[in-house]
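Student: Could you take me slowly through one part of this structure, the place where two helices pack together, and then show me what surrounds it?

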Amino acid sequence: MKVKQADRDSWLAKCARQGSGKLHLVRYINGGYQVRVVEKICLAGKDTMTPITMASSIAEHVQRAARRIQEISTLPQVAVNIMRVVEDPRSSAADLKEVMEIDAALSARVIRCVNSSAYGVRHKITNLQQAIAYLGLKQIRNLAITATVADLFRKSESIGRYRRTDLWKHLVASGLCARMLAMRLRFHNFEDMFLAGLLHDIGIILIDQHFHESFVRVIQSIKDGTTLVEIEKGILGFAHTELGEAVGVQWGFPDATRAAIRYHHQTASYRGEHLALVRCVEVAHLICTLKGMSSIGTNLLRFNPESLSGLGMTANDVKVVADDLDREMAEQMSLLQI
Ligand SMILES: [Fe+2]
Ligand SMILES: [Fe+2]
């Protein structure tokens, strides 16, 4: 139950009287209070929850939001199947072809993209089998997922300096940049880097589409000295990173992609096996934002320098990659219009 500012003190008193009862008053970061029923002991006179209770409250919010998205829209089953097949090391080109050919329109978009100048084909590719043989399973997966996610951006929308089309550009640019970083750092999984970069801010477009009124307030609340995550948590109770990860579970995203979605703004707290990938995505996000291709039209960067040093990169390396990204973007224009 939401609590008005004017009623805050009487609710605090009620919680205090309750002693070890179950009512608790939660203060959200950007103002506003809510009374929650919790199993924790209520601390008299305190208007914040214990970390465990606060964490579970956020988790509840995220799960509820993710369920709502699941009810309204799902990633097409073909995209989910493509990710599942490509993640399975036993899969063959024939397996990928089998799941993709169910969607003729998607397959045609992928084939058209493979024939664009970006991939330098000598003889025109006319079917999926040739396309998969030419680019491999992971690159074809990436084209199919790019085409599917592009559909979320079909309807243009803008709020202040935020533009959906610019968010799409940020995602494609981050995917390309993460892949460039991975190649230059001699990582073997550069196509996984592309996918993670492409999807890292998917939570923003989901909030824009499914919680639009709150999203407008988020964008209008942007000011120097804050971060997008802080503003989202204050208004929605969860951040795009948390929602993106929860939806990523429902949509069957690979583990590494989910890690990048969840931790690209807080790599220091990530403790898993995909740390290099998460750091590459954070650096890619940084480079794209510094180049004026930000996710929300404003630069709210708060960057963890350990992400650079942990990858063995210097500020000069960032500059070199940033300069080369223009050429990569020009070559891969077909991805933006897939
Ligand atoms: Fe983000
Ligand atoms: Fe981003």
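Tutor: What follows looks at one pair of helices and then at two alanines elsewhere in the chain.

This is a predicted model, in which local features need pLDDT of at least 70 and side-chain atom pairs count only at pLDDT 80 or more, while totals for chains, interfaces and linings use all residues. Residues are numbered from 1 along each chain as its sequence is written, and chains are lettered from A and ligands numbered from 1 in the order in which they are written.

The chain holds 18 helices and 5 strands, where helices (H or I, at least four residues) and strands (E, at least two) are DSSP runs numbered from the N terminus. Of its 338 residues, 39% are buried, a word used when 20 or more other C-beta atoms lie within 10 Å of a residue's own, with exposed meaning 12 or fewer, partly exposed meaning in between, and C-beta atoms placed from the backbone.

Two packed helices are described by the angle between their axes and the distance between the axes. For helix α8 (residues 164-184) and helix α9 (residues 190-199), the axes come within 7 Å and cross at roughly 155 degrees; axes here are lines fitted to C-alpha atoms, for helices over the stretch in contact, and angles run from 0 to 180 degrees between N-to-C directions. The two helices are therefore roughly antiparallel, since angles over 145 degrees count as such, under 35 as roughly parallel, 65 to 115 as roughly perpendicular and the rest as oblique. Residues of α8, including Leu171, Leu176 and Met183, meet residues of α9, among them Phe190, Met193 and Ala196, and by contact is meant that C-beta atoms, placed from the backbone, lie within 7 Å. The residues of this contact divide into 12 nonpolar, 3 polar and 1 charged, where Ala, Val, Leu, Ile, Met, Phe, Trp, Tyr, Cys and Pro count as nonpolar, Asp, Glu, Lys and Arg as charged, and the others, Gly among them, as polar.

From α9 we can move on to alanine 260, which lies in helix α14 (residues 255-263). Although alanine 260 and methionine 193 are 67 residues apart along the chain, their C-alpha atoms are separated by 9.2 Å. Alanine 260 is buried, because 37 other C-beta atoms lie within 10 Å, and, leaving aside neighbours within four places in sequence, alanine 260 is in contact with Ala196, His200, Leu277, Val278 and Val281.

Alanine 276, in helix α15 (residues 275-290), counts as partly exposed because it has 18 C-beta neighbours inside 10 Å. Beyond neighbours within four places in sequence, alanine 276 is in contact with Phe187 and Leu311.

Conventions
Two residues are in contact if their C-beta atoms, placed from the backbone, lie within 7 Å.
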